[in-house]
Amino acid sequence: MSAKNRTFAADLAGAIEAPADPPARPSRLGMGVLAGRSTRLAELATGSLVNRATELVDPARCRMWHGHNRDYAGLSEERCRDLIDSLKAQGKQEVPALVRRIRDDPDFDFEVISGARRHWSVSWLRSHNYPDFRFLVEIRELTDEEAFRLSDIENRAREDISDFERARDYLRALDAYYGGKQQDMAERINVSTSWLSRYLDLARLPAEVTGAFASPHDLGIKHVTQIKPLLKPEDRRDRVFAEGRRIADARKRGDDVARAPADVVRMLAAAADAPKKTGSPKKTGKGDTTVRTEAGAEVLRLEGHGRSGVTLTLLPKAGATRADAEKALGEVLDRFWPTA
């Protein structure tokens with residue numbers, strides 16, 4: 001027990017033992033309050049109760065910690081809708097964000113260690129007809145490494161933080177706190193080295209690959225295990241990079257449809273191994289053949305032909321353009337319906 005608490009406890013004990021002048025019977029309420037305080041002091045002294053300072057503050061006086069694992073700029077009303085609705089229904093924030101006090105910036109009083117979505121959502125509500133909402137925070141004294149581990153523990157089981165955000169945070173922490181030693185970091189955050197390796201591999205994917213996806217947050221651990229083998233040797237990597245840039249450029253021009261992550265991975269995998277002959281059909285089993293572009297994107301699949309006709313399936317979401325499809329159809333017509 002600290003000296004301050006011992007003095008306070010002694011004063012309380014003295015107040016109970018000292019006779020009243022004039023004598024008076026203490027109220028049951030008064031005795032209950034004193035007993036409750038004595039019990040709390042005993043719990044604090046033994047460590048069974050941790051005293052945490054919580055405050056309701058203006059979110060504008062809080063900044064994000066530079067090591068926060070959430071992509072704050074990527075938050076939006078859509079991504080925070082569930083939390084916004086919960087805050088409105090409760091009328092307040094139930095779970096405090098974790099912050100630490102700062103003294104080197106006149107514009108802010110705290111920096112947020114964990115609780116970016118809560119900060120964003122409360123700020124959004126204050127600017128959308130709920131000006132009285134306050135940001136509930138729990139104040140801690142933490143080093144940067146302690147802040148990283150605390151934030152990681154709180155967010156590791158959350159589904160609203162993407163694998164890519166977590167991976168990027170781990171890669172930053174590896175050099176910042178653990179001297180680039182993966183084994184030390186894995187032991188410190190209590191995970192296996194293989195588990196940590198997959199996240200680090202995800203964070204290290206080059207921009208030519210991540211740019212192929214509508215958002216890097218679409219990338220998951222399952223995708224990196226499929227993509228990493230495509231990047232060796234150099235000739236395969238170069239084809240994957242070229243396909244990634246092609247997909248990204250088409251999306252920017254508005255020439256491409258939105259693609260699921262699994263579709264993008266398949267397109268990158270198809271591009272990794274160039275077809276033996278440009279435009280030549282590639283057998284896929286059971287008599288089917290697939291026509292691909294030079295880059296390896298699927299255009300159409302021939303599923304059979306006979307006296308009655310030719311059966312084929314166009315693949316408009318596999319990465320080929322309309323011009324590719326027209327060229328492939330022309331080749332099919334020339335093969336099965338030659339001009340006189």
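Good morning. I begin with the largest nonpolar core of this predicted model. This core has 40 residues, and Phe148, Met185, Val209 and Phe213 have the most contacts inside it. Seven helices give two or more residues to the core: H5, H6, H7, H8, H10 (221–227), H11 (234–253) and H12 (261–272). Among these contributors, H6 gives the most, with 7 residues.

Let me stay with Phe213 for a moment. Leaving aside residues up to four places away in sequence, Phe213 touches Leu219, Ile227, Arg251, Pro261, Val264, Val265 and Leu268. A second core, separate from the one just described, has 20 residues and includes Ala116, Val122, Trp124 and Val137.

Before going further, a word on the chain as a whole. The chain contains 13 helices and 9 strands. Of its 340 residues, 37% are buried. Among contacts with a separation of 6 or more, 63% are between residues 24 or more positions apart.

I now turn to helix H6. Does its length agree or disagree with what its residue count leads us to expect? The helix runs over residues 163–178, which is 16 residues, and at 1.5 Å a residue it should span 22 Å. Its end C-alpha atoms are 21 Å apart, so the two values agree. The helix does bend, by about 25°, at Arg172. Just after H6, Gly179 takes a positive phi of about 60°.

Which residues of H6 are buried? They are Phe164, Glu165, Arg166, Ala167, Asp169, Tyr170, Ala173, Leu174, Tyr177 and Tyr178. As background, an α-helix has 3.6 residues a turn, so residues three or four places apart point the same way. The cover over the buried residues of H6 includes helices H5 (144–155), H7 (182–188), H8 (193–203) and H9 (207–210).

Ala176 also lies in H6, but this residue counts as partly exposed because its relative accessibility is 48%. The C-alpha atom of Ala176 is separated by 9.2 Å from that of Asp144, a residue 32 residues away along the chain.

My last topic is the strands. How enclosed is strand E4? Of its 5 residues, 5 are buried, so the strand is largely enclosed by the rest of the structure. Strand E2 (residues 62–64) runs parallel to E4 and is joined to E4 by 3 bridges. In E2's pairing partner, Val112 is the residue that stands opposite Met64. Strand E3 runs antiparallel to E4, and 4 bridges join these two strands. Here Leu98 stands opposite Ser114 of E4.

Between E3 (97–101) and E4 (110–114) there is a loop, and Asp105 lies in that loop. Is Asp105 buried or exposed? With a relative accessible area of 18%, Asp105 is buried, because buried means under 20%. What does its side chain meet? The side chain of Asp105 makes a polar contact of 3.0 Å with the side chain of Arg63. In addition, a polar atom of the Asp105 side chain lies 3.0 Å from the backbone nitrogen of Asp107.

To close, I return to two points. H6 gives the most residues to the largest nonpolar core, and E4 is bridged to E2 in parallel and to E3 in antiparallel fashion. Thank you for your attention.

Terms used
Residues numbered from 1 in each chain as written. Predicted model: local features only at pLDDT ≥ 70, side-chain atom pairs only at ≥ 80, totals over all residues. Heavy atoms only, no water. Expected span 1.5 Å × (residues − 1). Bend = angle between axes of the 7 residues up to and from the residue. Buried < 20%, exposed > 50% of the residue type's maximum accessible area, 1.4 Å probe, protein only. Contact = heavy atoms within 4.5 Å. Core = buried A, V, L, I, M, F, W, Y, C linked by side-chain atoms within 4.5 Å. Polar contact = N/O pair within 3.5 Å; in protein donor to acceptor, adjacent residues only side chain to side chain. Pairing = 2+ DSSP bridges.
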